[in-house]
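Me: I'd like to get to know this fold before I go back to the bench. Could you walk me through it, one question at a time?

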Amino acid sequence: MMPTSRRLLALAFLLALSAFLPKPTPTPTLFIIGDSTVRNTGVGQQGWGTALPAYFDTTRLHIVNNAMAGRSTRTFISEGRWDKTIAAIRPGDFLIMQFGHNEGSPPDTTKAGRRGVLRGTGPETKALVWPDGHPETVQTYGAYLRKFIREAKAKGATPVVCSMIPRNEWKDGKTIRADQDFGKWAAEVAQQEGVAFVNLNELTARKYDKLGPDEVKKFFPGDHTHTNAAGAQVNAESVVEGIRADKKLALNKYLRPVSQ
C-alpha cells in the first residue's frame, strides 16, 4: 500500500493539474419572449415558440419559452415578466423576441388600453396615473424593444428581433403585411442596435401567398391571429429560415442539419 505521505503528494499533484485543465463550457440557453402567437395554451392553438425546439439540438442548447398570451411589450415589463427573464440570462445565452399583436390600442389605464404603446421607435412618452394612484410612463414600441435588446446585451447574451407573424388577413389576393407599422419598427430598432433581425412577417406571408386563402384558413381554427400546431410549424420554419440566412449569428451552430 502507498504510504500516506505519497498518497497526499499524489492527490496534491492531481489537484494542481486539474487547475490547468479546460473547464466544461456551460450549455447556453435560448430564451423566447412574446405573446400568444409565440406561446399559446388555448385548445387547438399553438404558438411558434412551442414548435421551435424541434429544429435545434436541445442536447447542446436549452430553450425556455417565456412568452405569455395577451402581453404586449409594455405589459411584459410592467408585470415583472421581463425582470424574471433578464435575471436568468447568462453570458453566451440567446434571446428571441416577437411582439406587436397586442400593442395597437391607445395607451391608457382602461382594460382596452392597458396593453397599448406609443407608435414608432422614438423617445416620446405618455404619463399615466392608475386608479390606485401609482404612475406609469408609457413609451414607444421601439423603446420597449430597445430595452430588451440593451439589457440582454449587457448580460452577454445575443438578442434576435422578429417581426410579428402575419394574421389571416388578405387584400387583393395577398397576405396583409405589417411592413408599415410594427414590422417596420422592429426592423428599424434591430438595425439601430446592431442585432439580428428575422423578418418573420414577410417570410411567412410569402408562404401564405403561395398556399392561398383557403389553405391558410386551415391554420387558424378560431380567429385570424392564433394558429394551430400546423400553423405554428410554418412560422417556426420561418424563424429558422431567418436564422440560417444570418451566417454571423452564432445560434446557427445549434440548429439541426437540414434533412435531405
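Here is a short conversation about the chain shown above, which is a predicted model.

Me: Let's begin broadly: how many helices and strands are there in the chain?
Reply: Happy to start there. The chain has 260 residues, and buried residues make up 46% of them. Of the contacts between residues at least 6 apart in sequence, 69% join residues at least 24 apart. As for the elements, the count is nine helices and nine strands.

Me: Which element gives the largest share of the largest nonpolar core?
Reply: That core has 29 residues, and Trp82, Met97 and Phe148 have the most contacts inside it. Elements giving two or more residues to the core are strand S1 (29–34), helix H3 (73–78), helix H4 (81–88), strand S3 (94–98), helix H5 (141–154) and helix H6 (182–193). The largest share, six residues, comes from H5.

Me: And how many residues are in the second, separate core?
Reply: Among the members of this second core are Trp48, Ala51, Ala232 and Leu249. In general, nonpolar side chains of soluble globular proteins tend to be buried together. The size of the second core is 28 residues.

Me: Back to Trp82: which residues of H5 does Trp82 touch?
Reply: Setting aside residues up to four places away in sequence, the partners of Trp82 include Ile33, Phe76, Ile77, Ile89 and Leu95. The remaining partners can be checked against the range of H5, residues 141–154. Those that fall within H5 are Lys147, Phe148, Glu151 and Ala152.

Me: What arc do the buried residues of H4 cover around the axis?
Reply: The buried residues in question are Trp82, Thr85 and Ile86. They lie on the same side of H4, because the arc they cover around the axis is only 90°.

Me: Which exposed residues does H4 carry on the face turned away from its buried side?
Reply: The buried residues of H4 have a cover that includes S1, H3, S3 and H5. The face turned away from that buried side carries the exposed residues Asp83 and Lys84.

Me: Is S3 largely enclosed or left open, and how many of its residues are buried?
Reply: Both faces of S3 are covered. Phe94, Ile96 and Gln98 are buried on one side, and Leu95 and Met97 are buried on the other. S3 is therefore largely enclosed by the rest of the structure, with the buried count at five of five.

Me: Which residue of S3 stands opposite Phe31?
Reply: S1 and S3 pair in the parallel sense, over five bridges. In that pairing, the residue standing opposite Phe31 is Leu95.

Me: How many bridges join S3 to S6?
Reply: S6 covers residues 158–162, and four of its five residues are buried, so this strand is largely enclosed too. Phe94 stands opposite Thr158 in S6. S3 and S6 run parallel, and the number of bridges joining them is four.

Me: Which residue of S9 stands opposite Val160?
Reply: S9 is the strand of residues 196–198, and S6 pairs with S9 in the parallel sense over three bridges. Opposite Val160 stands Ala196.

Me: Now for a charged side chain: is Arg74 buried or exposed?
Reply: Arg74 is found in helix H3. Beyond its neighbours within four places in sequence, Arg74 has contacts that include Asp108, Arg114, Arg115, Trp130, Glu136 and Tyr144. Its relative accessible area is 1%, under the 20% cut-off. Arg74 is therefore buried.

Me: What about Pro135, buried or exposed?
Reply: Pro135 is found in strand S5, residues 135–138. Leaving out residues up to four places away in sequence, Pro135 touches Leu128 and Val129. Its relative accessibility is 63%, and because the cut-off is over 50%, Pro135 counts as exposed.

Me: One last backbone point: what is the phi of Asp172?
Reply: Asp172 sits in the loop between strand S7 (170–171) and strand S8 (174–175). With a relative accessible area of 73%, Asp172 is exposed. Although Asp172 is not a glycine, its phi is positive, at about 55°.

Notes: Residues numbered from 1 in each chain as written. Predicted model: local features only at pLDDT ≥ 70, side-chain atom pairs only at ≥ 80, totals over all residues. Heavy atoms only, no water. Core = buried A, V, L, I, M, F, W, Y, C linked by side-chain atoms within 4.5 Å. Buried < 20%, exposed > 50% of the residue type's maximum accessible area, 1.4 Å probe, protein only. Contact = heavy atoms within 4.5 Å. Pairing = 2+ DSSP bridges. Arc of directions from axis to C-beta.
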